[in-house]
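User: I would like to take a close look at a single part of this structure. Please explain in one connected answer how that part is placed among its neighbours.

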Amino acid sequence: MLPPPFRLVERDEVTSTNDTAIELAETGSAAWSVVRARLQTGGRGRRGRVFVSPPGNSYTSFILRPCIAPRDLPQLSLVTGVAVAESIEASAPRTAPVRCKWPNDILINDAKVAGILVETGGDAVIVGIGINLVSHPDIRGVPTTDLASEGAPGVDRDLLLATLCRRLKDRVTDWENSGFASQRLAWLDRAAGIGARASFSEDNSMEGRIVGLAHDGALIMESDGRHIRIVSGTLRLQSATPRWAGDTQDRPRPEARA
């Protein structure tokens, strides 16, 4: 079903696909093994947040062993985000454009339709991907959606996974071989919120305007006249789709000053 070198490990119910993938990686499972589950009873997102995981959606985790420097590992969420966005558009072409929100969310019509969680396990990197196919959770302060609600009912989980495998393998391989530059541009072409006002951190303690993506994957925010590098944390957009989104000719490029 899956293209080589992928190997599918199918489970009916798990605490989380990332947990299962970590266990498999620690016992020697090969790179590009994929754990998929119908139901997660303890799904989680970044910073330990609960990830609601009812049946019917897509829950997968990939075991990777990328040939990259440890300092570059945070870029993997962005590389994966582009692959997920491409896979959704290929599987559900009638939806609105799919956008990437830094660092690990995928949006349609300014609402979260998928999320990514990158963790380490043994000598491997685990990339967990949840995509809302038929339902979405109600998360306070976070607009959410699913593909069925966006005009794409009946997306086939198997075909979606096969597409995701191909896109993720292509993106990660190019990142390993050629660095982050082309992946950065691909992410910027889908970026949600560049040029928009946003608040950052758990308590919204900083507000400003998102002005770009640094060459190492850090987000650049302008606040009180200063350009500030953001390397981790929670970002809340006041406007997820600026008027020029997708228009590369008029897109601001202040990242050269970062």
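The request and the answer below concern one strand and the strands beside it.

User: Please look closely at strand β5 (residues 105-108). Which strands does β5 pair with, and are its residues buried or exposed?

Analyst: The model is a predicted one, and the description that follows should be read in that light. Strand β5 covers residues 105-108. One of its partners is strand β4, made up of residues 98-101. These two strands run antiparallel and are joined by 4 bridges. Within this pairing, Arg99 has Leu107 of β5 as its bridge partner. The connection between β4 and β5 is a hairpin, with 3 residues lying between the two strands.

Strand β6, residues 111-121, is also paired with β5. Here too the strands run antiparallel, and 4 bridges link them. Leu107 takes part in this pairing as well, with Lys112 as its bridge partner in β6. Leu107 is thus bridged to Arg99 and to Lys112 of β6. A hairpin also connects β5 with β6, in this case with 2 residues between the strands. In that turn, Asn109 has a positive phi of about 50°.

The side chains of β5 may be considered next. Asp105 and Leu107 lie on one side of the strand, while Ile106 and Ile108 lie on the other. All four of these residues are buried, a term that stands for under 20% relative accessible area. Both faces of β5 are therefore covered.

Definitions and conventions
Residues numbered from 1 in each chain as written. Predicted model: local features only at pLDDT ≥ 70, side-chain atom pairs only at ≥ 80, totals over all residues. Heavy atoms only, no water. Buried < 20%, exposed > 50% of the residue type's maximum accessible area, 1.4 Å probe, protein only. Pairing = 2+ DSSP bridges.
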